[in-house]
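Trainee: I have a model open and want to learn how to read its aromatic residues. Where do we begin?

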Amino acid sequence: MSVEQRAKKPWLPPRWVIRLAWYAHRGLYRVFGGRFGLWRPRANGWGALRLTTTGRRTGRRRSVIIGYFEDGPNLVSLAMNGWGEAEPAWWLNLQAHPDVTADLVDGQRLVHGRAALGDERSRLWARWREIDKNLDAYAARRPYDTAVVVLEPRASVPDPTQGN
């Protein structure tokens, strides 16, 4: 990325607009019983899934809708909070309790979450860059690196910490 591109920050709507969009998206998902709000990734686009984690402090189940793409059997997301400075709560929860569920258009998957590191992170970041041309500029708005999150399939044995 050139110095000129780095100096020019891409436009983001005000924080309240981003939060309102999140609430509206989640509300539509709930109102329509999960029939609206999730979609599969397209050729050069991302999809939306509903991730359910266990709260790191409360132990309660928490759900959030996040963007993803598929990398073989894995689902890949970015631990971003609308490109705000803070880490998203779902990522902090996932680090404390990595066995989570992902609801997709075609059903639920039991997955294990982790951060991609090294060459894997570079490869997956480059894939996200193909999807979002402003990725590096958005990431530069944050004070630290944005984690690339890999959700790997896990055995279908119920996790007692997830609750039912």
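Mentor: We take confidence first, then one ring and its surroundings.

Trainee: What is the average pLDDT of the chain?

Mentor: This is a predicted model. The chain averages a pLDDT of 84, and 79% of the residues score at least 70. Strand β6 (residues 148-153) has the highest mean among the elements, 98, and helix α1 (residues 3-7) the lowest, 47. Over residues 1-7 the pLDDT is below 50. Where pLDDT is low, the predicted coordinates should not be read in detail.

Trainee: Now Phe69. Is Phe69 buried or exposed?

Mentor: Buried means under 20% relative accessible area. Phe69 has 3%, so Phe69 counts as buried. Its place is in strand β2 (residues 61-71). Its contacts outside the four neighbouring places in sequence include Pro41, Leu75, Leu124 and Ile131.

Trainee: Which ring pairs with Phe69?

Mentor: Planes over 60 degrees apart count as edge-to-face. Phe69 and Trp128 fit that, with 70 degrees between the planes and 5.2 Å centre to centre. Trp128 lies in helix α4 (residues 118-131), so the pair ties together parts 59 residues apart in sequence. Trp128 is buried too, at 7% relative accessibility.

Trainee: What lies over the face of Phe69?

Mentor: Arg127 does, at 5.4 Å from the ring centre. Arg127 and Trp128 are both among the contacts of Phe69.

Trainee: How many aromatic pairs does the structure hold?

Mentor: Three. One of them joins Trp90 and Trp91: the centres are 6.4 Å apart and the planes at 70 degrees, so this pair is edge-to-face. Trp90 is buried at 8% relative accessible area, and Trp91 is buried at 6%.

Definitions and conventions. Residues numbered from 1 in each chain as written. Predicted model: local features only at pLDDT ≥ 70, side-chain atom pairs only at ≥ 80, totals over all residues. Heavy atoms only, no water. pLDDT = per-residue confidence, 0-100. Helix = DSSP H or I, 4+ residues; strand = E, 2+ residues; numbered from the N terminus. Contact = heavy atoms within 4.5 Å. Buried < 20%, exposed > 50% of the residue type's maximum accessible area, 1.4 Å probe, protein only. Phe/Tyr/Trp six-rings, centres within 6.5 Å; stacked < 30°, edge-to-face > 60°. Lys NZ or Arg CZ within 6 Å of the ring centre and 35° of its normal. Lists of a residue's contacts leave out its neighbours within four places in sequence.
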